[in-house]
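Q: Could you take a close look at the unusual backbone spots in this model for me? I'm new to this, so please walk me through them slowly.

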Amino acid sequence: TALATGLPITERRNHSYRLSYYEPAGTDATIYIPSPDLKFINDTGNNILIQTRFEGDNDVYFDFWGKSDGRIVSSTTPVIFNIIKPAPTKIVETTELPVGQKKCTESAHNGAQTYFDYTVVYNPETENENKVVTRFNSKYVPWQAVCLLGVEKLSTTTATSSTSTDLIQ
């Protein structure tokens with residue numbers, strides 16, 4: 001939503017992992033207290049109201065309300081490169097599943113790098129037209145799949161995460 005406003009983005013960090021619900025790749029921003037953060041400047045000379053709303057179980061929206069100053073916003077399609085495959089599936093033994101049963105708790109995601117160009121044109125169709133182009137870069141690390149495997153007795157080489165409760169922590 002902040003990108004769609006044309007407001008200058010002064011601080012942004014992508015998520016660490018590329019997941020389908022952050023698409024298109026490279027246009028996401030993570031927020032975590034106390035940082036990283038997403039910051040932008042209201043350079044419109046007018047007030048902006050930001051409302052949040054939730055729809056259904058998984059959708060959150062940020063609606064920006066304010067007076068338009070006529071700026072025009074566009075961006076290129078993100079370029080995805082340097083794709084890195086994740087490590088092989090990590091198998092974690094557990095005595096909480098029937099022997100031989102396998103239950104995957106994490107799915108694999110490729111790592112990658114992306115970039116896209118974001119253009120804001122101020123005062124279009126006037127002598128004072130001003131165009132600002134910003135390139136946003138992102139780097140995602142690969143994420144390996146993790147599966148639990150039911151065993152009768154934990155082997156001596158099993159990591160300390162041997163129960164589903166341990167995996168959540």
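A: Here is a walk through the backbone oddities, with a word on where each one sits.

First, some ground rules: this is a predicted model, so local features need pLDDT of at least 70, side-chain atom pairs count only at pLDDT 80 or more, and totals for chains, interfaces and linings use all residues. Residues are numbered from 1 along each chain as its sequence is written, and side-chain values use heavy atoms, with hydrogens and water left out.

Now, what's the usual picture? Most residues other than glycine have a negative phi, and most peptide bonds are trans.

Let's start with the peptide bonds. Going from glutamate 23 to proline 24, the bond is cis, with omega near 0°. Another cis bond links serine 35 to proline 36, and there omega is about 5°. Proline 24 sits in the loop between strand S1 (9-11) and strand S2 (39-40), and proline 36 lies in the loop between S1 and S2 too. Strands here are DSSP runs (E, at least two residues), numbered from the N terminus.

Next up, phi. Asparagine 82 isn't a glycine, yet its phi is positive, about 55°. You'll find asparagine 82 in strand S6 (residues 79-84). With 42% relative accessibility, asparagine 82 counts as partly exposed, a term for anything between buried (under 20% relative accessible area) and exposed (over 50%), using a 1.4 Å probe and protein chains only.

Asparagine 123 also has a positive phi, near 50°, without being a glycine. Its place is the loop between strand S9 (111-122) and strand S10 (130-140). At 39% relative accessibility, asparagine 123 is partly exposed.

Notes
Helix = DSSP H or I, 4+ residues; strand = E, 2+ residues; numbered from the N terminus.
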